[in-house]
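The following exercises concern pockets, cavities, ligand contacts and backbone geometry. Each task is followed by a solution that proceeds step by step.

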Amino acid sequence: MLKSRIIADKDFVTAPLDRHIFGTFVEHMGRCVYGGIYEPGHPTADASGFRGDVLALTRELGPTIVRYPGGNFLSGYDWEDGVGPKDERPVRLDLAWGSTETNQFGTNEFMDWVKAAGVEPMFAVNLGTRGPAEAQNFVEYCTHPGGTKYSELRKSHGYVEPHDIKFWCLGNEMDGPWQTCGKTAQEYGRIATETAKVMRWTKEGLSLAACGSSARTMPTYGAWEYEVLDQCFEQVDFISLHQYFENDENEIDRFFTVIDDLESFIVEVVAIADAVAAKRRSAKRIMLSIDEWNVWYRARSGEQLRGVGWPQAPSLLEEIYNFEDALIVGGALIVMMNNADRVKAACIAQLVNVIGPIMTETGGPAWRQTIFHPFAHASRYGHGEVLRLNIDTGSFKAGNHDAAPLLLATAVHDPETGRATVFALNRSTDQEMELTAELRGLGDRRLVEAHELHHHDFKAINSKDDEHQVSPVRHERVAVDGEALTATLKPHSWNVFVTERA
Ligand code: AHR
């Protein structure tokens, strides 16, 4: 049996965990909005048309912040189309996804939904077809108390109180040739700077994120981040990273190492951001927002990618997740938590139907995909400070990695409640692992809960008829003695151990 050892110490803290890393994403595309969160006439829909089953699963999933309204959709979106009386809203072509947008759902509906779901909004402004003026108007419409053209317009739409929206993204994937009116780094850096200025002058206290690269594999990666930040460094708080994991080779060991690639991505973007700071002799630190991430590679071509004949809410990007995908999602969450000093926001993309942890049938049920479970665990138990870990484990060779650690783990300690949770991913495909975790300085521990996500079949899925194929069960092989926790981890398994002071 493999043996791995973790040592953590109460006083060795990486950083407090920013709960915004448990975000998700709702884009106007496919069946994410229409048939996902919003479906008037659905048996579970409320008076606003919000699906009650999806709301209940969203609460269980536990996202803290939700990005909206896109994505590629954003770069052709006029926010004015989605506010005001519904019967006066224009129907538009959505060039990004070859679809027809009815605009029956917009900013105010989203804010109502956000309240119902108990989450925070993360908005994005269109820097594709539009620019600073429209972004300024939009911020005024949403956040200004009253007495001006756009704040009064909001009031006339029935929203007397301003919306509380702090986090804003300056465009979406502006480096991508697929983006409506994509830009060079020079062009984007400039428009992001000027847009950020007018947004901040309109409303104080906003958190602003500039677009980083759409992927680490983009030809402009690195140079893009440097140039963009060199221009808008003073104006923004975050640089974004987008990361979609793929397993086209259908090779599990290599697939596992996409998690290590994410670690490299984070480390590199931090280095670039800090190089821009160094050039200015600035103590300011730009934080990372991984505002789109997930496994996505199957539903990525043809009619799964783009509507044909301008349909309304077609089935796009409806990735069916399997067990191995859930392990990747768990591993990615571990990496994000371990980088809590710089990763301060992240959004699993997306929430429902479109590469989502939640799946629905229009007019029918909603269910949890496999990836739902590690995310729900991380959000539920990821409170407090991330402890710096010393990990002693074996390694494997795959992809570009000569020595990828078999055990991926993180430990989060909440000084207020005294709870400490260990998340552990055994990446051995064939061997059990005996794990010893020394939680030094935390005092004698007592096990509160322990969960295991495992399946013998990497390709096992959940479906509407069998939602529990891949579901967590109680971890039976764990013991706590003093400050030490020992557990036996099944091969290729995700494990969560929640402890508190004895
Ligand atoms: O999440 C799906 C799409 O992926 C988003 O619209 C875009 O930003 C990214 O390319």
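**Exercise 1. The largest pocket**

What volume does the largest pocket have? Determine also which residues and elements line the largest pocket.

Solution.
Step 1. The model examined here is predicted. In this model, the volume of the largest pocket is about 890 Å³.
Step 2. The lining of the largest pocket consists of 38 residues. Nearest the centre of the pocket lie S214, A215, Y244, E246 and R300.
Step 3. Two or more lining residues come from each of strand 10 (238-245) and helix 8 (258-279). Strand 10 makes the largest contribution to this lining, with four residues.
Step 4. Sorted by class, the lining of the largest pocket comprises 15 nonpolar, twelve polar and eleven charged residues.

**Exercise 2. The ligand and its shell**

Where does the ligand sit, and how many residues surround the ligand? Identify the contacts made by N72, N172 and Y244.

Solution.
Step 1. The ligand is located in the largest pocket.
Step 2. The shell around the ligand holds 13 residues, and the closest are E27, N72, E173, Y244 and E292. Y244 also belongs to the residues that lie nearest the centre of the largest pocket.
Step 3. By class, the shell is made up of six nonpolar, four polar and three charged residues.
Step 4. The polar contacts are then taken one at a time, with a cut-off of 3.5 Å between N or O atoms.

- N72 places a backbone N or O atom 2.9 Å from an oxygen atom of the ligand.
- N172 has a polar side-chain atom 3.0 Å from an oxygen atom of the ligand.
- Y244 has an N or O atom in its side chain 2.8 Å from an oxygen atom of the ligand.

Step 5. On its own, the ligand has 280 Å² of accessible area, and the protein covers 96% of this area.

**Exercise 3. The cavities**

How many cavities of 30 Å³ or more does the structure hold? Describe the lining of the largest cavity and of the second largest cavity.

Solution.
Step 1. There are two cavities of 30 Å³ or more in the structure.
Step 2. The largest cavity contains about 90 Å³ of space. Its lining has 14 residues, and W79, A124, V125, N126 and F138 lie nearest its centre. Strand 7 (120-125) and helix 3 (132-143) each give two or more residues to this lining.
Step 3. Division of the lining of the largest cavity by class gives ten nonpolar, two polar and two charged residues.
Step 4. The second largest cavity contains about 40 Å³ of space. Among its lining residues are R67, C169, L170, G171, N172, E173, S240 and D291. The elements that supply two or more residues to this lining are strand 8 (167-170), strand 9 (207-210) and strand 10.
Step 5. The lining of the second largest cavity has five nonpolar, four polar and three charged residues.
Step 6. Two residues link this lining to Exercise 2. N172 lines the second largest cavity and has a polar side-chain atom 3.0 Å from a ligand oxygen. E173 lines the second largest cavity and is among the closest residues to the ligand.

**Exercise 4. Backbone geometry**

Is the peptide bond from Y68 to P69 cis or trans? Examine also the peptide bond from A349 to Q350 and the phi of I355.

Solution.
Step 1. The bond from Y68 to P69 is cis, and its omega is near 5°. P69 is placed in the loop between strand 4 (65-68) and strand 5 (92-94).
Step 2. The bond from A349 to Q350 is cis, with omega near -10°. Q350 belongs to the loop between strand 12 (343-349) and strand 13 (358-360).
Step 3. I355 is not a glycine, yet its phi is positive, at about 35°. The location of I355 is the loop between strand 12 and strand 13.

Technical notes
Residues are numbered from 1 along each chain as its sequence is written. This is a predicted model: local features need pLDDT of at least 70, side-chain atom pairs count only at pLDDT 80 or more; totals for chains, interfaces and linings use all residues. Side-chain values use heavy atoms; hydrogens and water are left out. On a 1 Å grid over the protein atoms alone, a cavity is a set of points where a 1.4 Å probe fits but cannot get out, and a pocket is an open set with protein on both sides within 12 Å along at least five of seven lines; lining residues have an atom within 4 Å of a point. Grid points are joined across faces, edges and corners, and a volume is the space filled by probe spheres set on the points. Ala, Val, Leu, Ile, Met, Phe, Trp, Tyr, Cys and Pro count as nonpolar, Asp, Glu, Lys and Arg as charged, and the others, Gly among them, as polar. A residue is near a molecule or strand if one of its heavy atoms lies within 4 Å of it. A polar contact is a pair of N or O atoms within 3.5 Å; within protein, one must be able to donate a hydrogen and the other to accept it, and residues adjacent in sequence count only if both atoms are side-chain atoms. Accessible areas come from the Shrake-Rupley method with a 1.4 Å probe; for residues, only the protein chains shown count as cover. A molecule sits in a cavity or pocket if more than half of its atoms lie within 2 Å of its grid points.
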